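Trainee: I'd like a close look at one part of this model, and then a walk outwards from there. Please keep the cut-offs in view as you go.

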Protein chains: 2
Amino acid sequence: MPELHLPQQDKTVRVESGGNLFECLRQQGLPVQSACGGMGTCGKCRVKFLENPPPPKASEQAHLNNEVLAQGVRLACLHPVEQDLVLGLFEANASTDAKEQLKTELDVALEPGVEKLCVSLACASRRDQRPDVVRVEQALKRGRLDWSKSALTSLHRALRQDDFRVTLTLAGDRVLDAEAQDARAHCYGVAFDVGTTTIAGYLFDLGSGRELAVKSLMNPQRGYGGDVISRIKHVRDRGQAALDELQRVLRSGINALLKVLCREALIEPRHVYKTVFAGNPTMMHFLLGLDPSGLDHSPYIPVTRNLMTFKAGELQFDIHPEGRVCVLPNLSAYVGGDITAGVLASGLHRAQGVNLLVDIGTNAEIVLGNEQRLIACSSPAGPAFEGAEIQCGMSANPGAISHVTMSAEGLELEVIANVPPKGICGSGLIDAVGQLLALKLVAHRGNLHAVDGLSLSGRVTLGDNGQPRFLLSDEGEPIYLTQKDVRELQLAKGAVRAGVDIALQQYGIAEDQLDHIYLAGAFGNFLRVENVLRVGLLPNVSPEKVAPVGNAAGTGAVMCLLNEDKLDEIQTLTERMEYFELSNYEKFSDVFMGSMLFPEDGPGKGV
Amino acid sequence: MPELHLPQQDKTVRVESGGNLFECLRQQGLPVQSACGGMGTCGKCRVKFLENPPPPKASEQAHLNNEVLAQGVRLACLHPVEQDLVLGLFEANASTDAKEQLKTELDVALEPGVEKLCVSLACASRRDQRPDVVRVEQALKRGRLDWSKSALTSLHRALRQDDFRVTLTLAGDRVLDAEAQDARAHCYGVAFDVGTTTIAGYLFDLGSGRELAVKSLMNPQRGYGGDVISRIKHVRDRGQAALDELQRVLRSGINALLKVLCREALIEPRHVYKTVFAGNPTMMHFLLGLDPSGLDHSPYIPVTRNLMTFKAGELQFDIHPEGRVCVLPNLSAYVGGDITAGVLASGLHRAQGVNLLVDIGTNAEIVLGNEQRLIACSSPAGPAFEGAEIQCGMSANPGAISHVTMSAEGLELEVIANVPPKGICGSGLIDAVGQLLALKLVAHRGNLHAVDGLSLSGRVTLGDNGQPRFLLSDEGEPIYLTQKDVRELQLAKGAVRAGVDIALQQYGIAEDQLDHIYLAGAFGNFLRVENVLRVGLLPNVSPEKVAPVGNAAGTGAVMCLLNEDKLDEIQTLTERMEYFELSNYEKFSDVFMGSMLFPEDGPGKGV
């Protein structure tokens with residue numbers, strides 16, 4: 001079997017001879033992107049042959065220019081593996097990314113539900129023949145315990161290694177582990193936020209509540225498509241084997257992240273006894289090996305809604321095999337554990353005033369309510385906020401224009417990683433259109449046009465298609481915002497706003513009755529509130545009512561990691577959340593059409 | 001790798017080239033006996049080369065005569081495996097043996113704690129978007145359930161296979177399984193009695209309480225020694241790898257028995273959802289992979305005493321992976337789940353009168369008490385009752401003299417399977433000595449001698465060692481009962497009787513205050529009460545107070561299989577049993593010496 005040598009990853013894998021390189025890479029959970037699933041049409045599955053690149057295929061030249069081809073870059077899906085290869089993969093390794101940092105100050109008592117106790121016991125003798133387990137139970141004075149197989153099999157030796165001094169790891173009355181000597185110092189937990197694109201992990205010391213490491217990793221499932229729909233389709237088309245494969249690939253990502261976290265914190269994975277997973281429903285289905293086929297078409301039915309607990313061994317996570325795996329409850333096929341964790345973190349369910357939580361991605365999840373009542377829906381924003389379907393769009397990676405400031409005098413760009421701009425991401429798009437609206441270069445209905453006497457009007461020209469476009473940057477390849485891009489934003493923000501407006505209507509309150517609007521997720525974190533309000537993505541409230549809440553899903557998961565009672569709290573709040581299906585709402589199209597317009601009265605109140 | 005072809009077993013296994021044949025066989029859990037562990041000294045590991053027998057080794061001739069050698073019989077431990085072999089193994093296959101049959105009429109309510117429920121649900125629709133799990137939970141009206149991973153992963157497809165009609169298997173609020181359609185008819189359980197020599201299995205329909213199959217199998221661990229001591233020593237000498245090996249071998253026996261039981265009853269193993277294990281503490285340690293090293297030397301400490309529950313998947317038993325595995329509690333290193341199950345079956349713990357339960361093997365386990373108080377001890381009877389250390393001794397297999405009747409006129413033998421006698425087993429030994437005592441051919445102190453005027457006296461001769469011996473049979477090879485055999489019986493029965501007498505003393509009652517004496521186990525079942533009393537194995541009570549109770553361990557395990565409450569009952573009775581260590585009892589030697597004598601006043605009361 002040929003070998004793939006991956007010097008960057010410090011890894012060598014064996015693959016089937018004659019297999020398609022793209023297939024081999026994604027089945028190994030290695031970083032490779034794809035939108036077309038290996039059909040040779042999307043041009044995303046780029047790899048670099050570090051030695052002996054094969055001759056380029058004719059179809060490759062549509063996606064890769066000569067300079068890139070000369071560097072040995074090829075599309076993996078167009079090449080078979082017939083011999084050993086040395087490859088470079090295009091991947092950011094595990095990173096400690098600012099956008100994964102927890103924003104909220106964690107205000108939870110440290111009650112993780114897992115504790116380590118050390119006891120020194122009387123040695124066994126002819127006058128004291130109590131079985132090992134009874135000896136421990138009587139010393140702990142907590143009644144009869146529920147011993148895991150793992151703890152039982154370790155106990156005999158652990159007791160005799162250090163003169164009957166032993167450390168027990170308990171979760172309630174369940175004994176997870178038995179170790180010789182005083183091992184209380186080592187008791188850890190990890191919270192995960194599993195996104196379609198990124199998996200973030202937060203490693204904590206459960207004894208002190210201290211954060212030890214935060215890392216994120218690209219979701220290795222992205223070789224099966226960038227969005228959940230293509231991954232679900234892969235399973236529906238190919239059945240159980242594909243489900244197993246996608247579960248395995250996701251697991252490999254989680255285990256890789258665990259390894260990185262433990263290495264960073266210099267701890268042993270077997271001392272991780274609790275994990276909490278927040279994620280969208282599709283990711284949680286894959287995590288557990290549940291069939292996701294009901295999620296992507298009407299009537300949109302997930303397998304479960306409950307908070308669930310498993311053993312790490314059951315899911316083959318590389319921590320202590322008896323370690324608890326808590327999967328946060330979802331509400332519906334699109335309102336997942338990431339959202340319920342976000343509600344927990346932002347405290348909607350405990351507040352007297354009515355608050356709105358919005359998490360914007362390909363879908364926008366919307367939760368509205370207070371301690372009395374919570375309602376939720378999901379609105380199909382489409383991919384514009386992720387930079388897709390935008391002419392110069394890209395995701396929020398180095399080189400993306402993330403912020404735009406315009407004035408009568410000129411224009412300033414903020415670019416991720418301070419490199420020359422390569423494109424524009426979702427927050428830059430909202431900023432740009434918001435600023436153009438402020439200068440009336442974009443009108444109420446979305447038309448892009450020059451304005452007399454404004455120097456920036458010189459940047460408005462006609463594109464090849466005869467439609468106007470706005471030049472954002474001519475440093476290197478010119479970057480334009482086109483009329484079509486503005487329309488795409490209108491569609492996207494219109495869907496979100498329609499969802500919010502219908503939610504307010506369902507709830508029976510007016511927008512000025514809202515106490516706060518919380519923007520969850522990495523995207524929400526990047527947004528400038530004034531421009532969000534200018535484009536009318538959100539109801540017309542004063543800007544100080546709008547607050548980004550960082551990675552609320554991660555924050556909620558960490559709260560559940562550190563405080564066991566939060567697991568009940570999140571289950572209870574999920575059970576009382578009312579889900580309503582936007583597409584069932586008769587007037588959705590009308591509201592949507594109206595929401596696509598930009599606010600006529602200009603920016604939001606007070607901007 | 002060479003192959004071993006085993007036509008009787010209809011099996012072919014691959015083994016390492018050059019490996020020792022005995023090692024290969026026992027590591028595969030195949031039937032091969034040994035007392036010396038493969039040192040070539042015990043002569044027990046006989047196999048038959050069905051093709052091309054190798055030349056016999058010189059050391060083989062000490063154990064196998066020429067006729068046997070000519071048939072191709074060899075000692076496995078003396079031959080390496082260098083090529084494919086065709087072998088016959090000396091084993092009784094799984095049998096439905098009379099001695100495993102349950103004696104007691106089972107008087108338990110059918111409440112197995114596992115049930116199957118079938119529900120027909122409203123199909124999912126845009127107006128009814130409840131997740132699958134919620135849909136099922138609301139139909140069952142039992143609140144939120146604890147879903148196993150297995151049930152969750154099956155649910156989506158099961159629901160959609162038959163129009164949302166589905167069968168759930170529940171153990172309390174735990175969902176073990178989800179199947180399409182109405183599958184309520186298939187819900188089974190198996191009770192096991194795991195002995196050092198034999199594993200017996202009882203397959204029941206948990207829906208009707210009907211017994212479907214009973215089978216027993218030789219314990220495949222016997223390649224590691226006939227008794228628990230040599231198997232424990234194997235682990236102590238060789239460490240974790242040997243423990244893993246013995247666990248694997250025992251598991252292979254249990255899985256083989258499960259297969260036989262399911263095939264007999266024409267059911268699918270995945271429909272077995274509950275198993276209950278009774279066994280001696282050493283076997284239960286091996287079953288769970290617990291280190292047995294504390295069991296065979298002072299202070300004799302087992303790892304645990306609790307009733308324990310696992311999932312079948314954790315122990316790799318070939319039933320439904322979520323099937324419950326209940327391991328009955330033991331009291332001490334020698335009083336195991338087989339004995340606590342025996343107490344449950346014979347009802348000592350519920351009776352007002354004081355009863356005695358005795359289970360005789362290499363050790364005799366003794367339990368004494370009533371609903372108020374229970375005490376237990378274990379007495380080292382030695383191997384005489386198993387036919388070892390007896391000149392013509394053998395275990396209770398075909399050809400063994402199992403019963404002996406003597407009168408002034410002559411002698412009658414009962415031989416297992418009605419074949420010419422080959423030796424004498426434990427029950428035959430007790431019968432023979434009991435009858436000789438009645439005829440005064442054996443005296444109070446155990447001396448064997450002729451009695452004037454008794455024709456049977458002609459059978460008393462002097463052996464090569466100058467000691468008297470009694471001719472039991474001269475059909476074929478003569479079978480004698482020697483003076484030394486009588487001494488061995490005195491040692492064995494003396495140990496049991498000493499244990500019983502000390503127990504009575506500890507309890508503070510006299511022997512005539514005993515209500516009943518129950519003889520548990522296969523051996524107890526074979527005994528003739530009159531001779532048991534004549535030799536003084538038991539206190540001097542009237543014979544109608546003595547009752548064999550069959551396989552009480554199996555009966556108790558089946559009771560727990562059919563009625564979940566019995567699991568609590570057995571745990572509670574075990575917790576209140578007081579164990580006392582006979583060897584701690586200062587006057588043990590005195591009592592033991594006295595107990596070796598035969599009753600001076602002849603037979604027990606009323607005999």
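Mentor: What follows starts with a helix and its surroundings, then moves to the relation between the chains, other helices and a few unusual backbone spots.

Happy to, and some ground rules help. This is a predicted model, in which local features need pLDDT of at least 70 and side-chain atom pairs count only at pLDDT 80 or more, while totals for chains, interfaces and linings use all residues. Residues are numbered from 1 along each chain as its sequence is written, chains are lettered from A and ligands numbered from 1 in the order in which they are written, and side-chain values use heavy atoms, with hydrogens and water left out.

Let's begin with helix H4 of chain A, residues 149–161. Helices (H or I, at least four residues) and strands (E, at least two) are DSSP runs, numbered from the N terminus. H4(A) has 13 residues, and its first and last C-alpha atoms are 19 Å apart, close to the 18 Å expected at 1.5 Å a residue; the expected span is 1.5 Å times one less than the number of residues. The helix nevertheless bends by about 45° at A:Leu155, the bend being the angle between axes fitted to the seven residues ending there and the seven starting there. A:Leu155 is also one of the buried residues of H4(A), along with A:Lys149, A:Ser150, A:Ala151, A:Leu152, A:His156, A:Ala158 and A:Leu159. Here buried means under 20% relative accessible area, exposed over 50%, and partly exposed in between (1.4 Å probe, protein chains only). After the helix comes A:Asp163, with a positive phi near 55°.

Now look at H4 in chain B, where B:His156 sits. Its relative accessibility is 5%, so B:His156 counts as buried. Contact means heavy atoms within 4.5 Å. Leaving aside neighbours within four places in sequence, B:His156 is in contact with A:Asp291, A:Ser293, A:Gly294, A:Val303 and B:Asp132.

B:Asp132 leads us to helix H3 of chain B, as it is among the buried residues there. In H3(B), residues 132–140, 7 of the 9 residues are buried, so the helix is largely enclosed by the rest of the structure. The others that are buried are B:Val133, B:Val134, B:Arg135, B:Val136, B:Glu137 and B:Leu140. Their cover includes helix H4 (149–161) of chain B, together with strands E6 (115–120), E7 (146–147) and E8 (165–171). Following H3(B), B:Lys141 has a positive phi near 55°.

How are the two chains related? Chain A can be laid on chain B with an RMSD of 0.1 Å by a turn of 180° and a shift of 0.0 Å along the axis, which is the relation of a two-fold axis. In chain A, the C-alpha nearest that axis belongs to A:Glu314, at 4.6 Å. The same surface serves both copies, since 98% of the contact residues of chain A recur in chain B. Copies are superposed by least squares on the C-alpha atoms of residues with pLDDT of at least 70 in both.

Two more helical stops. In chain A, the 25 residues of H11 (483–507) should span 36 Å, and the end C-alpha atoms are indeed 36 Å apart. Of these 25 residues, 19 are buried, so H11(A) is largely enclosed by the rest of the structure. Just after H11(A), A:Gly508 takes a positive phi of about 85°.

Last, some backbone spots. Most residues other than glycine have a negative phi, and most peptide bonds are trans. A cis bond joins A:Ser298 and A:Pro299, with omega about 5°, and another joins B:Ser298 and B:Pro299, with omega about 10°. A:Pro299 is in the loop between helix H7 (281–288) and strand E14 (308–311) of chain A. A:Leu266 has a positive phi near 55°; it is found between helix H6 (240–265) and strand E13 (272–279) of chain A, and counts as exposed at 78% relative accessibility. B:Asn52, with a positive phi of about 45°, is in the loop between strand E3 (46–49) and helix H2 (66–70) of chain B, and is exposed at 64%.
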